[in-house]
Amino acid sequence: FHMSVCHTGDSGGAFGEANSKWLDAHYDPVANLYTFASCIALADLHGDGENKLVVGDLGTGASNMKLKVYKGTSLVSENMLLDLPTGLVSFLMDQHEPRTPAIAVASGPFIYIYKNLRPYFKFTLPSLEVNPLEQEVWTQAKEVRGCLCLSWLPRDTKAALLFLFVLPARFLMLERQAMENFVSIHKQQPIRRQTVITCISTLKKNMAEEDAVSCLVIGTESGDMYVLDPEAFTILSKMSLPSVPTLMDVTGQFDVEFRITVACRNGNIYVLRRCVDSSRPRYCIELTSHPVGLVRIGKNVVVGTADETLLGYTQKGKKLWMVNLPAPVVTMATMDHHTRGFQAVLVGLANCQVQLYRDKNLVSTIKTPVGPGGRHACREGGGGLIVKILKRTAVFDDRDTVPGPPLAQSVRLNVPKKTKLYVDQTLRERENGVAMHRAFQMDLIRLRLTAARAYAKALECSLTPMSASLTEPLKMNAVVQGLGPTFKLTLYIQNTAACKPAMGLAVCFLYDQTLYSMKTTFFKIPLLVPGLNYPFETFVECLSDRGISDIIKVFILREGISTPLLTAHINMPVSEGLALS
């Protein structure tokens, strides 16, 4: 199952159209990569801001498994793997400097942790509960002749022992003449039931930043999901699914709120949430065909199925749209262009194409010399490596590029039959149509007036988190840290202008001086370059021990203008400590 790995994008240049949005950075048809899409990750391994391509290479399938690292277009490192990898992720284990991520490689029932590309830790899945019937059979096999220990079992009971443990499974596959020798050799070994890992991902621990500490989330063949602590590698949470998980997408923070979207072998998608009973799925999405790819875009879930369709669902399971694809889906990935706020889905197809979808709209099509690699890639893929770079001038059009009328136009509406309640309501609307229209117009006018007054007040007092001035477009966020009585207040101020820097600005704080004290209540802001996020730190001391809190108003001012450009109200937390006299 050789495959080609498509790194950071899709096609163009020699393999695509002349006006493609992508540049050919590298093409190595003999890279000899034998891997799955789940065994590929981008990681800043040395903390220098440059991502490396980490690949878990399966070698020949029985030997020569390696962990390969590519820097740019060259292979810079190779590490031998002990077993076939089923998944690979990068994650931060701690807050220590330098902030270099670790690599977790899932293989069988183990997770191998590599720190600085060196073996660091090995985690083993907990053993499952032993079946009492099989324990009794194995005990009897040790005491009596092995060929006679199963003679008293009914035929249906033997068939029920299909999901066996390690030793009994090998024992029942032997001929009757070899059972006695097998029992004499292994009779002192206890039987055990060991599951294996089917998928792996990461979940932020308690912060949403990109460089925050992350937990490992693993799915097993027994239908269980585990969340592991990133430092001690203990099990923080265990969740059960009705079927074996194969694909998953994780979002949120473990200590706050998270959602784990899992695709299983029974053809359903389950959503696990942090709630009172988080051990069971909260929502279930039933599909008409088995899922092949699963990604999350914002609050929606995009699924590629085996019947050549691409489906969009809400996180509660409501179907939004469906797109028919020209070929079977091989693999899927998310394209997130942070600087432009562009999110889309990359779909690798079996016809040697990579299509880019934004919602249900096809915005780009890429042709490759061989098909992209996935879980079911064919051997003709060749194991090549293709690297693409997005053009700086590339612009994606949200309009659907598929010719002809939209697909939704041909779908017949399911119009329900007229009920007695519907007929009575229609007659009432005919008789009182004028009065109902006047009441609706009156409520609509009142709503617009209330909204206009609130908007005018916000503009007049600069109460919005973003500046309404066209000459000084600013954006501000505030973060409060600490338990009290001393809090650390950090302001993040960003100039959202296109090319004009902001100068001559100042920050002023307004608060209840009987509750809080600040050493610096007014300071000037240096020149703000457009697009950069500037942090400004100060400390707030709570003077009261009565367990109350108040708001602190933050004003961004400009020299010579009395009206603030921006205003923010910060709700301070209650101090959990006592002020020292």
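**A colleague's notes on the strands and core**

1. In the hairpin formed by β34 and β35, with 2 residues between the strands, Gly 560 takes a positive phi near 90 degrees. These two strands run antiparallel and are joined by 7 bridges; Lys 553 has His 569 in β35 as its bridge partner. Strands here are DSSP runs (E, at least two residues), numbered from the N terminus, and two strands pair if DSSP finds at least two bridges between them.

2. A word on the source: this is a predicted model, where local features need pLDDT of at least 70, side-chain atom pairs count only at pLDDT 80 or more, and totals for chains, interfaces and linings use all residues. Residues are numbered from 1 along each chain as its sequence is written, and side-chain values use heavy atoms, leaving out hydrogens and water.

3. Now the inside. The largest nonpolar core (buried Ala, Val, Leu, Ile, Met, Phe, Trp, Tyr and Cys residues joined through side-chain atoms within 4.5 Å) has 29 residues, and Val 507, Phe 509 and Leu 528 have the most contacts inside it. Among the elements giving it two or more residues are β33, β34 and β35.

4. Have a look at Thr 538 in strand β33 (residues 533-542). Thr 538 is buried, at 8% relative accessible area (buried means under 20%, with a 1.4 Å probe and protein chains only). Beyond neighbours within four places in sequence, its contacts (heavy atoms within 4.5 Å) include Phe 487, Phe 509 and Met 518.

5. Elsewhere, an open sheet of 4 strands follows the order β23-β24-β25-β26 with antiparallel pairing. Its edge strands are β23 (329-337) and β26 (361-367). Between β23 and β24 there are 8 bridges.

Terms used: Buried means under 20% relative accessible area, exposed over 50%, partly exposed in between (1.4 Å probe, protein chains only).
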